[in-house]
Amino acid sequence: MVAKMTDLLHICQKYKEAVFAAATTMFVSACGDVPDAKQTNKTQGIVYCAEANPVSFNPQVTTTGSTIDIIANQLYNSLISIDPVTAEFKPELATEWLISDDGKKITFKLRKDVQFHSTDYFTPTRTMNADDVIFSFSRLFDVYNPYHFVQDANYPYFQSVGMDQLIRKIVKVDDYSVRFELFSAESSLLSNIATDFAVILSEEYAMLRASQDKKHLFDSLPIGTGPYKYKHFLRDNLVRFHKHDGYWKHDYAVDQLVYDITTNNTTRIAKMLTKECDITSHPSATQLEALSQRQDIVVDQAVNLNVGYWAFNTEKPPFDNVLVRKALAHSIDFDKIMQAVFYGNGIAAQSILPPSSWAFTEQAMPYYNPKVAKQYLSEAGYPDGFEMTLWAMPVSRIYNPNARKMAELIQSDLRQIGIRTRIVEYEWNTFIERIGQHEHDSVLLGWAADTPDPDNFFSPLLSCTATFTGKNPANWCNPEFDLLLTQALDTNDLKMRKFYYQQAQEMLIEELPLVPIAHGVRFQARSAEIAGAELRPFGGVSLANVRKEVK
Amino acid sequence: MLDYLFRRLSLLLFMLFALTAFTFSLNYLFPGDLLTNFSGQVNTSFSQSQMLEEKYHIDDNVLVQYGAFVSRLFQGDWGVSLSSGQTVASHVALLLPATLELCFYALVVAILLGIPAGIITSAYHKKWPDKVISTLTLLGFSIPVFWLALLLIMVFCLGFGWFPMSGRIGLLYEIPAVTNFILLDIWLLGFPYGGQAFLDALHHLALPTVVLAMYPTTVLTRFTRDSMLNVLEQNYIKTARAKGLNRRQIILDHALRNALLPVIKQIGLQFSTLITLAMVTEVIFSWPGVGRWLIDSIYQRDYPAIQGGLLAVSMFVIFANMLADLTHSLLDPVSRNQSHGKV
């Protein structure tokens, strides 16, 4: 009964989407500018329409992009960040940093007078110091940290890049400087410390929660140093942040930032038109043309380091056979996908790395040819095909604006070579969880980079450690491949690193644990009154500088 | 009257038994692990699952399990939602008021419009007001609610930009939940934001209420009309007319009171239809009510939430029907003499 109802709902939803789509297009072109809805009390706050609920309020414990977009840059700061233009490191909570000659010791000098959030549930008595930094990082790898085992000690990003194996200890030099001592020098450590995941939490607050015996609340009622502080979260409805008055960087953050959780793409666009949203993430490609015709709405776009892929569960037969994977990859009409899903707003993948990454080298990608695919399939011993599931993510992300549609295209392509496919969909956070448990045969998913370092495309996605933490959707653990990644990280010589990454890219296309499909372009629709909502080529959305300028 | 009340209550008990038995059996009918369906806890450790097995009496027979299930229901322990990890009871407590609020306003609108419209059509039987209103009600009766909702959104939200298309209130207005009835909350808080929040909430209410009120309005109009015509045929009305009373006197003083009796019963019966329609309306207008949550839960295969939602909604419908029935029998002594209760 439930299955039937879901079908029915799906039809309803489809219908709704279609009508909305028609309606938005029609009115955008026919009526031009809609008269201003009555604006009351609205200049002090901004509504951002987001596509999914946040799964946690601590970026350390998740890699879900939709969550990071909401929490990371709004509630927290990291020690350092990466300049989106020059790709150089910039001081944030650390004012300067020194690397020892052997690369195994990094000393950070901390900024003074950084205030933590003061909220209904916590009032800080001191500013940020070395204890907070040590607490935040030691939680990730130190089993004696009282919070290490809260949330099942699952720190997917850090574990997948092996940071928990890298740091020997963190030493407090004085109140405002800390020294990271490493087991080995690793070229990507600084860029990992600069990601949205490596945030600084309040040690004082952690101890308060521990003394109350309420450690589980630490990650859901957050305290950080960012421009906004947590106020309220109502599942499926909204996340409300207030301005952090003592923010160390600037004082012009808006009084209130509200995330309107709207999972449906077309509804988000419609809300843009009715001015219920000031900014919308991931407007669907079909609506871009219509939206950009409006005077009061601006569509921003930016190149983004990301990749959308089709991953196979390589531990499950028949996908453990590389011939099967090749057959599947050769049966897909990539051009059709680029047209129908990306509407020309994406780059067809030539490797797992996007062309804008410095380590990118063009690969001999699988091409569309059902005959070749059939041949591979008979070689693998499945001349009559088989049945499989294809999991399509339910939300729109940069790397895949419409996974459902892509899945339908792939389904019809696979039918040509005799493979029957069932498309599986779940609510986004459930979806991620189940993929982590490797319940799927194959999945359409993607990865948006957190740093410009190419390692960010490999270790978090395809390393063996990523398999154990449930972040490797291909469930693929290849020691040779891992060795290449380690070699690339062990050197600071850019030429050598490029060489290793080139080999890693080649190996991926030969082994095909996943088929890279496309690199998407990041879009954002905003009301013309909104300023300071810049898009960055990597990492989560930052609304620290956003403001409303009423003309 | 006491006798009648007893009959009703015993019927209520039976209904509740059937309902809880059905909900309980869902645990077995849903796919997946029995313990997970009961508790909403996934991937439990060994010691945890032992504790849960004891709590849910998994090792005992079905009757004991059912007994434990009912006693948990009474204690307010409705299980834990799979997708949010919060208790189902807390979800229901938060969301049901939003649905009830919407249904209540829709019903008020339906009564305020439907009954007078019905009276007018019967007073001008087979004249032009009758024809116009009857045509309109037929139209309103036949329009599917989701289509009407989309149509109104297209015209009034996207086209003219007069109304917002989602939620209960502009999100920048911060109204702490006291009763979870939004207008009531704003009133209790002393109209914050200089009354603007209240206006904004009304603004948000307008379209969903109109959409939801459409069906019951047409039903009430038609029902009032038929019932009035029926009464107007009766001999005592003819007598009154023969005595020379004018039309206003006949209708307002003599016909209306009798004609409204079946209509009152009908209002109560509308509640079940209303709740069903409210679910569709909530989904389209992103109204944060129990219907939208239930439908999301079905989509997410969140079995404990589906169970809890079904139970809450159906229990509410049963109680509403019962209440309508009681009011009806208070007003109409004849109906108390039925020898058997019925719903």
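Select A:Pro318 to begin: in this predicted model, A:Pro318 sits in the chain A loop that runs between β13 (306–312) and α10 (322–330). Now add A:Pro317 to the selection and look at the bond joining the two prolines, a cis peptide bond with omega about 0 degrees. As background, most peptide bonds are trans, and most residues other than glycine have a negative phi.

Next, stay in chain A and pick A:His282. You will find A:His282 in the loop between β11 (279–281) and α9 (285–292). Its phi is positive, near 45 degrees, and the residue is not glycine. Is A:His282 buried or exposed? Show its surroundings: A:His282 is buried, because 23 other C-beta atoms lie within 10 Å and the cut-off for buried is 20 or more.

Move on to A:Asn475, in the loop between α16 (464–468) and α17 (479–490) of chain A. Here too the residue is not a glycine, yet phi is positive, about 50 degrees. A:Asn475 has 20 other C-beta atoms within 10 Å and is buried.

Now switch to chain B and colour by secondary structure: you should see 13 helices and zero strands. Zoom out, and the C-alpha atoms of chain B fill a box of roughly 85 × 55 × 40 Å along the principal axes. Of the 343 residues in chain B, 38% are buried. Among chain B contacts between residues at least 6 apart in sequence, 71% join residues at least 24 apart.

For the last stop, select residues 235–242 of chain B, helix α10, which is hardly covered: zero of its eight residues are buried. Just after α10(B) comes B:Gly244, with a positive phi near 95 degrees.

Terms used: Residues are numbered from 1 along each chain as its sequence is written. Chains are lettered from A and ligands numbered from 1 in the order in which they are written. This is a predicted model: local features need pLDDT of at least 70, side-chain atom pairs count only at pLDDT 80 or more; totals for chains, interfaces and linings use all residues. A residue is buried if 20 or more other C-beta atoms lie within 10 Å of its own, exposed if 12 or fewer, and partly exposed in between; C-beta atoms are placed from the backbone. Helices (H or I, at least four residues) and strands (E, at least two) are DSSP runs, numbered from the N terminus. Two residues are in contact if their C-beta atoms, placed from the backbone, lie within 7 Å.
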